[in-house]
Amino acid sequence: MATQRILDFLAKARPEGPCLVVDLDVVRRNYETFTRTLPETNIFYAVKANPAPEILRLLVELGSSFDTASVAEIQMALDAGATPDRISYGNTIKKERDIARAFEFGVRLFAVDSVAEVEKIARAAPGSRVFCRVLTDGAGAEWPLSRKFGCSRDMAVGVMERAQALGLEAFGLSFHVGSQQPDTSAWDRALADASRTFKALARKKIRLSMVNLGGGFPTRYLKDVPSVDEYAQAIFGALRRHFGNRIPETIIEPGRAMVGDAGVIKTEVVLISRKSERDPVRWVYLDIGKFGGLAETMDEAIRYPIRTPRDGGAVAPCVIAGPTCDSMDVLYEKVTYPLPISLEIGDELLIEATGAYTTTYSSVAFNGFPPLQAYVI
Ligand SMILES: *Cc1c(COP(=O)(O)O)cnc(C)c1O
């Protein structure tokens, strides 16, 4: 949300054009909430959510580890001061030469979801630890993750057997219950599955020691979400139910929940118009849209809170769109967005809870619009 520090920064610096401002105090608070409520769990920040060097440096200082998806993200974590033993190469889709590169950097923890990937790792990163990503249905998530990553429970057994046979350490399992997951019981289903796979592998004398609980922890947008405490209780309840007194080492990989509410985008109203004289719905065009970093409005999935300088007065429904010449560049139309009737061209709006998945999603220069500028304070 817009903290006083962010408001003061915007008032003083008056940056030109759309920009994201991230308050590091909020990131620190989010990290501390995770460590306080999940003290036994190792935190691997999902770098893709926001890889700003200031954020990575703060998290290094606080003791975080890092979930990365590419050599470039590994490099960013290293540049921020993370040692390679605190970096996981968590993408299940990696070129063999990128695996070799990560291995040279000292990374020894890799995600897999297929035998072919295990074979690459055995060749390019011998002796490393691997964890197998298992499919989950992602039901209930506001930004679900489809079937792109993970394999079935049965297949995970074969993948881990192959890993062990090739001299890798069959270390654990991972799953991701879908991003922005408001249902705390989603981890229960996934952990029930995980414990069955642990047992199936134990019967083959392969003893896994880690469960990677993934991300999915939400940011508060317009609707209330459960607290981290409620997630922690649901997760530990599920671990006890399914693993009894042999609870494995656990990892979480929060992205959105670490940085989402730490950032605010300042934007300007470029045009307010209607499609016909009598149309009750105004079209409000901003200087930022889907290509400027708000890609998570795809299918109107993520609905950001928007503050205007005219809040408090009467509101009426609006379609909100971006400034580019692509007709896809509409943020909210199926479900219109109420904005003040007195809103005017030139007004500055604050799009809140935009610290995650914005700067990295913004295009390089579609229509000549520069990538989203970010200030980390
Ligand atoms: C994107 C991603 C995350 C972060 O997910 P959030 O829902 O933003 O917390 C964690 N783990 C993996 C493997 C991811 O791909």
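Reader: What makes the shell around the ligand 3 nonpolar, 5 polar and 5 charged residues?

Author: The classes are fixed by residue type: Ala, Val, Leu, Ile, Met, Phe, Trp, Tyr, Cys and Pro count as nonpolar, Asp, Glu, Lys and Arg as charged, and the others, Gly among them, as polar. Sorted this way, the shell gives 3 nonpolar, 5 polar and 5 charged residues. The model is a predicted one, where local features need pLDDT of at least 70, side-chain atom pairs count only at pLDDT 80 or more, and totals for chains, interfaces and linings use all residues. Residues are numbered from 1 along each chain as its sequence is written, and side-chain values use heavy atoms, with hydrogens and water left out.

Reader: Which residues are the closest of those that surround the ligand?

Author: They are Lys-48, Ser-179, Glu-253, Arg-256 and Tyr-357, out of 13 residues that surround the ligand. A residue is near a molecule if one of its heavy atoms lies within 4 Å of it.

Reader: Why is the pair formed by Ser-179 and the ligand called a polar contact?

Author: A polar contact is a pair of N or O atoms within 3.5 Å. A polar side-chain atom of Ser-179 lies 2.5 Å from an oxygen atom of the ligand, so the pair meets the cut-off. For the side chain of His-176, an N or O atom is 2.9 Å from a ligand oxygen. Gly-216 uses a polar backbone atom, 2.9 Å from an oxygen of the ligand.

Reader: What are the bounds of domain 1 and domain 2?

Author: Domain 1 is 90–254 and domain 2 is 261–376, with bounds from an automatic or database domain assignment. Their C-alpha centres lie 36 Å apart.

Note on methods:
Polar contact = N/O pair within 3.5 Å; in protein donor to acceptor, adjacent residues only side chain to side chain.
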